[in-house]
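Take a walk through this fold, one sheet and one helix at a time. Keep the structure open beside the text.

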Amino acid sequence: MFQRFFGTVSLFSGSRSINPLLSSIVASRASSSAAAKMSLDLAKKIAAFKAVDEYVRDNTVVGVGSGSTVVYAVQRLAERVKTEGLKLVCIPTSFQARQLIIESGLVLGDLEQHPKIHCAIDGADEVDADMVLIKGGGGCLLQEKIVASCADQLVVIADYTKNSKKLGEQYKKGIPIEVVPMAYVPIRNKVAAKYGGSLKLRMAVAKAGPVVTDNGNFILDWHFPEEKFDWDVVNRDIMMIPGVVETGLFVKMATKAYFGLADGSVTERSA
Ligand SMILES: O=C(CO)[C@H](O)[C@H](O)COP(=O)(O)O
């Protein structure tokens, strides 16, 4: 059947001849996935630009989140500093954020000098109808939550794939839980026994073994069962287990969320 459709294609035999029909299918798949990525990137960018334009004021301390959407927020911050002469101090939430701040020529600060942040701008893996967030897909949840907790306002920037009615509807990788390495097995067992589902130790991609966070810890991704949870209670419960450092559940923290859409517009949700 394969041969009838594609002719005697030699993809698997090492010959250089590729059937024109097959190569056009491959090319069109590649171009549609490139188009999808472009539309997601545009969605991230417009959400990030809008958040920076609407929330960042002169002479303020700004928390800088982590992830691919935050790259656009930093780009806009740097543009506004240059064109409007804004005086900002930027507090990073990760090694990545620190590098972005430095490379963009923004002023780098820390919580020792600036324990009070006016506005933190950060991405999210999912935002539900009550503005509960899953964060930590990029493994930076601990510092992100610390910075958010010091901010008057936490503004979320995201593309349309992060907008959900209920957690788990869009984001399928579970709730990240940062744990002290020696405790990952008992924590895994305790969370599963109390709430069900399964917890997976997050493994590194370009290194053998587990992901090690910026703080030297491991991450368990909790694939929770499909039921109605009170996330505030769940978050508190998990935080009580010895060895848990932080969860990626951000409950009652976000002030505002901006979702960039594929058509170039932005929708908003407020707490
Ligand atoms: O929580 C995070 C990192 O720990 C990120 O904010 C989250 O993963 C979203 O990232 P992106 O903007 O790349 O979609």
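Start with the open sheet of 3 strands, ordered β4-β5-β11 and paired antiparallel. β4 and β11 are its edges. Each has a single partner strand, so one side of each is left without a neighbour in the sheet. Strands of a sheet pair through backbone hydrogen bonds, either parallel or antiparallel. Between β5 and β11, which run antiparallel, there are 2 bridges. Find Ile-134 and look across: Leu-249 in β11 stands opposite. Bear in mind that this is a predicted model.

Two loops beside these strands deserve a stop. The loop between β4 (126-127) and β5 (133-134) holds Met-131. Its phi is near 65°, a positive value in a residue other than glycine. Is Met-131 buried or exposed? Met-131 counts as buried because 20 C-beta neighbours lie inside 10 Å, and 20 is the number at which a residue qualifies as buried. The other loop runs between β11 (249-250) and β12 (256-260), and Lys-252 is found there. Lys-252 is not a glycine either, yet has a positive phi of about 55°. Its surroundings are another matter. Lys-252 has 11 other C-beta atoms within 10 Å, so it is exposed; the limit for that class is 12 or fewer.

Now step back to the whole chain. It holds 7 helices and 13 strands. Of its 271 residues, 38% are buried. Take the contacts between residues at least 6 apart in sequence: 74% of them join residues at least 24 apart.

Next comes an open sheet of 4 strands. Its order is β8-β9-β7-β10, with antiparallel pairing. The edge strands are β8 (198-201) and β10 (244-247), each pairing on one side only. From one strand to the next, the twist averages 30°. Inside the sheet, β7 (residues 175-179) pairs with β9 (residues 218-223) in the antiparallel sense over 5 bridges. To find the register, pick Ile-177: its bridge partner in β9 is Leu-220.

Which helices lie across β7 and β10? One is α5 (residues 141-149), which runs at about 65° to β10. Another is α7 (residues 231-239), which runs at about 160° to β10.

Move on to helix α3, residues 68-84. Its 17 residues reach 25 Å from first C-alpha to last, close to the 24 Å expected at 1.5 Å a residue. An α-helix has 3.6 residues a turn, so residues three or four places apart point the same way. Keep that spacing in mind when reading the buried residues of α3: Thr-69, Val-70, Tyr-72, Ala-73, Val-74, Leu-77 and Ala-78. Just after the helix, Gly-85 takes a positive phi of about 70°.

Zoom in on Val-74, which sits in α3. Why does Val-74 count as buried? The reason is its 24 C-beta neighbours inside 10 Å, where 20 or more are needed. What does Val-74 touch beyond its neighbours within four places in sequence? Its contacts there are Val-64, Leu-100, Ile-101 and Ser-104. Leu-106 is 32 residues from Val-74 in sequence, and their C-alpha atoms are 8.6 Å apart.

Helix α6 (residues 184-195) makes a useful second case. Its 12 residues should span 16 Å at 1.5 Å a residue, and its end C-alpha atoms are 16 Å apart, which agrees. Gly-196, just after α6, takes a positive phi of about 80°. Within α6 lies Asn-189. Asn-189 has 11 other C-beta atoms within 10 Å, so it is exposed. Val-211 is 22 residues from Asn-189 along the chain, and 19 Å separates their C-alpha atoms.

Finish at the ligand. How many residues surround it? There are 17, and the closest are Gly-67, Ser-68, Gly-123, Gly-137 and Gly-138. Helices α3 and α5 come back here: each supplies at least two residues of the shell around the ligand. By character, the shell divides into 3 nonpolar, 10 polar and 4 charged residues.

Note on methods. Residues numbered from 1 in each chain as written. Predicted model: local features only at pLDDT ≥ 70, side-chain atom pairs only at ≥ 80, totals over all residues. Expected span 1.5 Å × (residues − 1). Pairing = 2+ DSSP bridges. Axes fitted to C-alpha atoms, helices over the stretch in contact; angles between N-to-C directions. Contact = placed C-beta atoms within 7 Å. Near = placed C-beta within 6 Å. Nonpolar A, V, L, I, M, F, W, Y, C, P; charged D, E, K, R; others polar.
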